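Here is a short briefing for a reader new to this structure. Keep the sequence and the 3D view at hand while reading.

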Amino acid sequence: MNPNDLPSPWVLARRAARMNPSVIREILKVTERPGIISFAGGLPSPATFPVGEFATASARVLQQDGPAALQYAASEGFAPLREKVAAMLPWPVDPGQVLITTGSQQALDLVAKVLVDPGSRVLVETPTYLGALQAFATQEPEIVGVHGDDEGVLPDDLRAKAAGARFLYLLPNFQNPTGRTMSEARRAGLAELATELRLPLVEDNPYGDLWFDQPPPLPLSARRPDHCVYLGSFSKVLAPGLRLGFLVAPAPLYPKLLQAKQAADLHSPGFDQRMAAQVVAGDFLDRHVPRIRALYRSQRDAMVAALQRETGGLGVEWNVPGGGMFLWARLPPGLNALELLPRAVEAGVAFVPGAAFHAGDSEDGQALRTLRLSFVTASAAEIDRGIATLAATIRQAAGA
Ligand code: PMP
């Protein structure tokens, strides 16, 4: 049965008919099979989760303010956590502008609900984060991809597509999926161009703290706070299972986002927020995040070394990301990553075909050759074996 044809008496809403299963979640199901080395999911390394700190914090929260932690709470979020978020950001932010969300994924949903009508133009980098495309799609926008180069979105392409757009969604740091970081010059130019075009920006920055060599340049939100909604997450620096993220919104927009949040879930879990506030109080993140950086840097290095070793002569290309969790690779001409995936899974290794991340232009031959490889979930030894398997699969597919 076509999933859009529900049996009587059910009638599917138009927006539900436009929803698609996340390609990544479908692939993740396959990769749960024992023995598969997965570079597919964007799962932070469980070795980085501060389990002991959460054990202590949960006991303390329950002892000190158990009933309040288990009660309904303010939709804006737990005040000490909002204060900590504001203090962590590299520009002056009033805690009153911070809304704690159920993961930054919810922030994407709220932004779309508040800013997008059916048919509204929404600009995204292409390729971009699949979960953002999913969140925006529920509001039935016209999603338009803006092309980029190694420095970020191309100003001329942005100018050509900006008319009437509700916002441009950007991931300037260690982008998902390409691992790219927007240069300082491009950020400075884009901040000016967005002002000139009166184009709001939605800046998503879950990976900015995970830099390997040097911190990324200042966010666009620090340069044009009145033009930007900024999204952050505790998923990559603490643990994704907490489902805690946040947005920072200009004062005129904040009440509407708050109302959308109330409609969605009243508030994010108060117990989680109090535990997170306990864990991040003081300088815990200053000690913890460098350990994540060091681990992920070594795993990136292992993947780059394995690619160099195993793909010689095959014509595979890749970038070397300066942070984050993802490496973006390109197959030799004539190969298609979607077609390669089942053969790779059969051989014991998984990745995400790059076409999944493109907004409407995935038929482009270039996009079909791309793939995203996460280097943070598998160990260095698994990375070695997985890349060797991937290279053998490519060699076979290429008939080399
Ligand atoms: N934005 C981007 C770019 C992401 O990669 C992710 C997670 N994969 C999210 C937002 C959502 O993260 P969370 O809801 O866990 O904060």
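The points below cover the ligand site, the aromatic pairs and one buried glutamine. The model is predicted.

**Residues around the ligand**

- The ligand has 13 residues around it. Ser104, Asp204, Tyr207, Ser233 and Ser235 come nearest.
- By class, the shell around the ligand holds 4 nonpolar, 6 polar and 3 charged residues.
- Which helix gives the largest share of the shell? Helix α5, residues 103-115, supplies 3 residues, and that is the largest share.

**Polar contacts and cover**

- Ser235, one of the nearest residues, places an N or O atom of its side chain 2.6 Å from an oxygen atom of the ligand.
- Arg243 also uses its side chain: a polar atom there lies 2.8 Å from a ligand oxygen.
- Gln105 uses its backbone instead. A polar backbone atom of Gln105 is 2.9 Å from an oxygen atom of the ligand.
- How much of the ligand's accessible area does the protein cover? On its own, the ligand has 400 Å² of accessible area, and the protein covers 91% of that.

**Aromatic pairs**

- The whole structure contains 7 aromatic pairs.
- Phe212 and Phe375 form one edge-to-face pair. Their ring centres are 6.1 Å apart. Their planes meet at 65°, and the pair counts as edge-to-face because the cut-off is over 60 degrees.
- The two rings come from distant parts of the chain, 163 residues apart. Phe212 sits in the loop between β8 (201-204) and α9 (220-223). Phe375 sits in the loop between β15 (370-374) and α15 (380-398).
- Are these two rings buried or exposed? Phe212 has 2% relative accessibility, so it counts as buried. Phe375 is buried too, with a relative accessible area of 0%.
- Elsewhere, ring pairs join Phe136, Phe167 and Tyr169 into a cluster.

**A buried glutamine**

- Gln273 belongs to helix α11, which spans residues 270-280.
- Why does Gln273 count as buried? Its relative accessibility is 2%, and buried means under 20%, so Gln273 qualifies.
- Which residues does Gln273 touch, leaving aside those up to four places away in sequence? They are Gly77, Phe78, Leu81, Ile100, Leu244 and Ser268.

Definitions and conventions
Residues are numbered from 1 along each chain as its sequence is written. This is a predicted model: local features need pLDDT of at least 70, side-chain atom pairs count only at pLDDT 80 or more; totals for chains, interfaces and linings use all residues. Side-chain values use heavy atoms; hydrogens and water are left out. A residue is near a molecule or strand if one of its heavy atoms lies within 4 Å of it. A polar contact is a pair of N or O atoms within 3.5 Å; within protein, one must be able to donate a hydrogen and the other to accept it, and residues adjacent in sequence count only if both atoms are side-chain atoms. Accessible areas come from the Shrake-Rupley method with a 1.4 Å probe; for residues, only the protein chains shown count as cover. Helices (H or I, at least four residues) and strands (E, at least two) are DSSP runs, numbered from the N terminus. Ala, Val, Leu, Ile, Met, Phe, Trp, Tyr, Cys and Pro count as nonpolar, Asp, Glu, Lys and Arg as charged, and the others, Gly among them, as polar. Rings of Phe, Tyr and Trp (its six-membered ring) pair if their centres lie within 6.5 Å; planes under 30 degrees apart count as stacked, over 60 as edge-to-face and the rest as tilted. Buried means under 20% relative accessible area, exposed over 50%, partly exposed in between (1.4 Å probe, protein chains only). Contact means heavy atoms within 4.5 Å.
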